[in-house]
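Open the model in a viewer and keep the sequence panel beside it. The stops below are meant to be selected in order.

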Amino acid sequence: MVERYQNKVIIVGCGPGLKAYISPKALYNVKKADVLVGSRRLLKLFSDVDAEKIVLEKNYRVLVNRIADWSSTKQVVVLVSGDPCFFSYSRLIIKKLGRESCIIIPGISSIQLAFAAIGESWDDAYFISLHGRDTEYAQLMKSVREHCKVGILTDHKNTPAFIARQLLAGGIRDRRMFVCENLSLPKERILETDLTSAVNIKTNGAIVVIIKRE
Ligand SMILES: C[S@@+](CC[C@H](N)C(=O)[O-])C[C@H]1O[C@@H](n2cnc3c(N)ncnc32)[C@H](O)[C@@H]1O
């Protein structure tokens with residue numbers, strides 16, 4: 001029998017995309033859902049789960065209130081990419097419900113997979129997210145100047161080419177750029193380049209960039 005957590009929302013870290021990276025504990029918890037919330041891509045991984053499926057897209061601010069309402073009568077499970085405690089939608093849910101009302105199941109972060117893909121440790125790295133953020137460029141420059149390795153979450157605007165142009169415009173040159181694209185997914189690609197060449201890179205999909213001092 002599946003144990004339920006009354007009134008608690010379960011937030012499940014689903015890793016970088018490949019189902020094999022999702023932990024057995026996470027899979028077990030997803031099965032408890034009466035209501036399963038997640039992006040189309042993540043919901044597709046759980047087409048066999050018999051729950052009401054709610055697609056998370058641009059509605060994420062409205063949805064957080066609905067998640068709170070549903071949780072008083074139903075078991076809500078929210079699927080998030082990577083790890084829920086690393087630049088994640090879960091922050092909004094925890095802020096709304098309070099941490100005592102959430103159960104968080106960790107996942108493998110895209111950042112972890114990116115560092116594994118390039119064979120580098122991440123214990124000495126600094127991290128920033130440019131995902132949906134257009135105001136973090138001063139922070140980007142500062143972090144790249146101050147740290148030997150910086151892991152960056154990107155989006156369709158803040159692409160590797162755009163980041164390379166920002167760094168060069170700020171006078172930063174002596175760095176390697178690693179572009180980790182669609183990690184664990186069929187179109188996975190890992191590229192290593194210098195910043196000057198990076199301004200011409202064409203990319204598509206989910207990308208982590210790692211900047212390393214030469
Ligand atoms: C909203 S953030 C979520 C990060 C997530 N919590 C984590 O731990 O990976 C989304 C960003 O994560 C990165 N990302 C997620 N999945 C990825 C993948 N399979 N390959 C490369 N980057 C990925 C991309 O930078 C994407 O824009």
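A crossover counts as right-handed if, with the strands pointing away from the viewer, the path from the first strand over the helix to the second runs clockwise. Keep that convention in mind for the first stop, and note that the model is predicted.

**Stop 1: a β-α-β unit**

Select residues 126-129, which form strand E6, and residues 149-153, which form strand E7. The two strands run parallel and are joined by 4 bridges. One pair to display is Ile128 with Ile152, its bridge partner in E7. Now add residues 137-146, helix H6. Together E6, H6 and E7 make a β-α-β unit, and its hand is right-handed.

**Stop 2: helix H5**

Move to residues 110-118, helix H5. Which residues of H5 are buried? They are Ile111, Leu113, Ala114, Phe115 and Ile118. To see what covers them, keep E6 and E7 on screen and add strand E8 (175-181), strand E9 (189-194) and strand E10 (207-213); these five strands are included in the cover.

Then look at the two ends of the helix. At the N-terminal end, Ser109 acts as a cap: one of its side-chain oxygens lies 3.1 Å from the backbone nitrogen of Ile111. After H5 comes Gly119, with a positive phi near 65°.

**Stop 3: the loop from H5 to E6**

Continue along the chain to Asp123, in the loop between H5 and E6. Is Asp123 buried or exposed? The cut-off for exposed is over 50% relative accessible area. Asp123 has 70% relative accessibility, so it counts as exposed. Draw a C-alpha to C-alpha distance from Asp123 to Lys149: the two residues are 26 apart in sequence, and the distance is 9.7 Å.

**Stop 4: the ligand**

Select the ligand and show its surroundings, which comprise 18 residues. The closest are Pro16, Phe86, Ser110, Thr154 and Ile207. Three contacts with the protein backbone can be drawn here:

- A backbone N or O atom of Phe86 is 2.7 Å from a ligand nitrogen.
- A polar backbone atom of Leu183 is 2.9 Å from a nitrogen atom of the ligand.
- A polar backbone atom of Ile207 is 2.7 Å from an oxygen atom of the ligand.

Taken alone, the ligand exposes 580 Å², and the protein buries 91% of that area.

**Stop 5: the loop from E8 to E9**

Leu183 has just been shown at the ligand; now select Asn182 and Ser184. Asn182 lies in the loop between E8 and E9, and Ser184 lies in that loop too. Most residues other than glycine have a negative phi. Asn182 is not a glycine, yet its phi is positive, about 50°. Ser184 is not a glycine either, and its phi is positive at about 75°. The cut-off for buried is under 20% relative accessible area. Asn182 has 10%, so it is buried. Ser184 counts as buried because its relative accessibility is 13%.

**Stop 6: Ser88**

Finish at Ser88, in the loop between strand E4 (76-80) and helix H4 (90-97). Ser88 counts as buried because its relative accessibility is 14%. Which residues does Ser88 touch, not counting those up to four places away in sequence? Display Val80 and Asp83, the two that Ser88 touches under that condition.

How values were computed. Residues numbered from 1 in each chain as written. Predicted model: local features only at pLDDT ≥ 70, side-chain atom pairs only at ≥ 80, totals over all residues. Heavy atoms only, no water. Pairing = 2+ DSSP bridges. Buried < 20%, exposed > 50% of the residue type's maximum accessible area, 1.4 Å probe, protein only. Contact = heavy atoms within 4.5 Å. Polar contact = N/O pair within 3.5 Å; in protein donor to acceptor, adjacent residues only side chain to side chain. Near = heavy atom within 4 Å. Areas by Shrake-Rupley, 256 points an atom, 1.4 Å probe, with all protein chains shown as cover.
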